[in-house]
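This report looks at how a chain is divided into domains and how those domains meet. It then turns to backbone geometry.

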Amino acid sequence: MTRDKSPDTRRRQLLAAAALAPLAHSAPAQSEPPRLVVAAFPLLDQVIKQALPAWSQAHGGVQVEVISRQYDDHHTAMTTALSSASASHLPDVIALETMYMGRFSLGAGLQDLSVPPYLAEGLRERFVPFAFEQARNREGAVVAIPADIGPGSMFYRADVLERAGLGLKDLSESWEAYVQAGVQIKARTGAYLLAHARYLKDIVLFSSTPAGQSIYFDAQGRPSISSPLFQRAFELAQKVRRLGLDAIVDTWRNDWSEHLRRGKLATELSGAWMASQMAKSVAPNTHGLWRAAQLPGGSFGGWGGSYYAIPRRSDPSRKALAWSLIQHLTLSRELQLSAFKNQDAFPALLSAQDDPFFDEPVDFLGGQRARQLWRDAARRIPARPLHRQNKFAEEVVNGELDNVLIYGKSIPKALADAQALLVHRATR
């Protein structure tokens with residue numbers, strides 16, 4: 001990873017490397033049986049492939065080609081394909097990650113799934129509310145169906161907290177208390193509170209923005225970077241850096257995992273899927289030492305998620321099959337549970353969350369029944385409208401935070417400059 005990552009983007013960018021493949025595909029001859037093309041990214045491509053045999057058999061042996069690219073490459077390719085004048089370059093189904101949903105859902109490239117024959121509005125009650133609401137366009141129409149989500153969680157080292165003479169309450173009461181607890185942790189154990197101050201800024205923004213409001217833009221689409229919430233998030237990050245509480249390591253890099261393996265990070269703020277990642281590959285030697293908790297201050301936020309959509313200008317003759325496949329991928333309780341157990345894809349489908357698997361202890365977390373915790377969080381994450389400039393806004397804000405943390409720029413000046421740049425971009 002070479003640049004900043006928000007909670008919504010960290011996971012899939014570095015978990016796997018997929019071979020690049022050309023987007024364009026040849027249209028089948030009329031005599032050939034129907035054939036679908038699905039464009040996806042690593043991990044989700046495996047979920048799709050596992051689902052295909054049963055779906056294909058139920059549809060007369062329809063063949064499905066899954067084109068997988070790395071996370072950023074995939075979304076860049078989809079942007080190009082949707083804006084292309086030639087429909088032959090469009091896949092029949094595309095997968096989208098949460099951070100990119102604003103860019104795609106507010107454009108004109110996705111099929112309106114609210115209208116017949118799709119009638120996706122009738123599926124709303126079957127999904128976690130925030131995930132479904134994020135898949136609407138400017139007119140409120142549904143343009144994608146959620147597949148998986150990443151309920152935010154605070155992972156903490158129980159042994160480090162014990163050596164510091166602290167309890168979970170000391171970390172959890174508020175974000176300010178979380179930072180203050182970090183002072184004692186560092187003084188008494190030498191461990192850092194978290195990996196990077198930027199991540200604290202991210203989660204304070206993502207978890208504290210009120211329901212119904214976008215993170216970076218107001219209801220009229222104007223940048224809202226100079227709000228008190230951004231001031232607070234920047235101040236908390238600045239305090240963490242000044243007190244030496246962050247290890248200044250980026251998630252998924254070798255030095256980050258080494259800090260986790262050696263017990264140098266007391267907490268990890270991430271999606272529920274992080275427990276499995278640490279257990280399987282990142283820090284398996286810390287088995288039994290971590291616990292999970294809700295985010296500090298009674299806040300709730302998400303770390304990524306996946307959606308499926310149909311390009312508006314894709315081949316009309318295959319759209320019914322494409323919609324059938326999307327329904328299979330998102331509405332099958334068994335498939336959703338399998339994806340959760342095998343790929344850590346926390347189900348957006350509510351019926352899948354009622355399986356006894358959610359009540360089982362998680363060995364890596366000392367036998368804690370953490371899935372119940374994450375299920376509760378998933379159902380309490382507020383729905384926040386997305387904006388097509390979210391990705392760019394994130395990069396601008398991260399750049400200004402670096403100016404504060406590294407070069408001592410004042411927070412009001414940094415926020416004002418970020419606001420001005422976004423206003424300029426929005427009016428171009």
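The text below moves from the overall fold to the domain interface and then to the backbone.

**Overall fold**

The model is predicted. The chain holds 17 helices and 8 strands. Its radius of gyration is 22 Å, close to the 22 Å that the globule rule gives for 428 residues, so the chain is as compact as a globular protein of that length. The C-alpha trace spans about 75 × 50 × 35 Å along its principal axes.

**Two domains**

The domain assignment splits the chain in two. Domain 1 takes residues 35-150 + 304-359, and domain 2 takes 152-302 + 387-427. Over C-alpha atoms, the domain centres lie 29 Å apart.

**The interface**

The size of an interface is often given as the accessible area lost when the parts come together. Here domain 1 and domain 2 bury about 1,100 Å² between them. Carbon and sulfur atoms carry 56% of that area. Which three residues supply the most of the area that domain 1 buries against domain 2? They are Met99, Gly150 and Asp344, with 54% of it.

In terms of contacts, 11 residues of domain 1 touch 14 residues of domain 2. Polar contact joins 3 residue pairs across the two domains, both partners being at pLDDT 80 or more. Helix α4, residues 98-105, gives the most to the side of domain 1 that touches domain 2, with 4 residues. That side of domain 1 divides into 4 nonpolar, 4 polar and 3 charged residues.

The count of salt bridges between the domains is 1. The side chains of Lys280 and Asp344 meet in a salt bridge, at 3.8 Å from N to O. Asp344 is also one of the three residues named above for buried area.

**Backbone geometry**

Most residues other than glycine have a negative phi, and most peptide bonds are trans. Three places in this chain are listed here against that background.

| Site | Backbone value | Place |
|---|---|---|
| Pro116 to Pro117 | cis, omega near 5 degrees | Pro117: loop between α4 and α5 (129-133) |
| Leu119 | phi near 55 degrees | loop between α4 and α5 |
| Trp252 | phi near 80 degrees | loop between α10 (228-242) and α11 (254-261) |

Pro117 sits in the loop between α4 and α5, and so does Leu119. The peptide bond from Pro116 to Pro117 is cis. Leu119 has a positive phi without being glycine. Trp252 likewise has a positive phi, but its place is the loop between α10 and α11.

Conventions. Residues numbered from 1 in each chain as written. Predicted model: local features only at pLDDT ≥ 70, side-chain atom pairs only at ≥ 80, totals over all residues. Heavy atoms only, no water. Domains from an automatic or database assignment. Contact = heavy atoms within 4.5 Å. Buried area = accessible area lost by both parts, 1.4 Å probe. Salt bridge = Lys/Arg side-chain N within 4 Å of Asp/Glu carboxyl O. Polar contact = N/O pair within 3.5 Å; in protein donor to acceptor, adjacent residues only side chain to side chain. Helix = DSSP H or I, 4+ residues; strand = E, 2+ residues; numbered from the N terminus. Nonpolar A, V, L, I, M, F, W, Y, C, P; charged D, E, K, R; others polar. Rg over C-alpha atoms; globule rule 2.2 N^0.38 Å.
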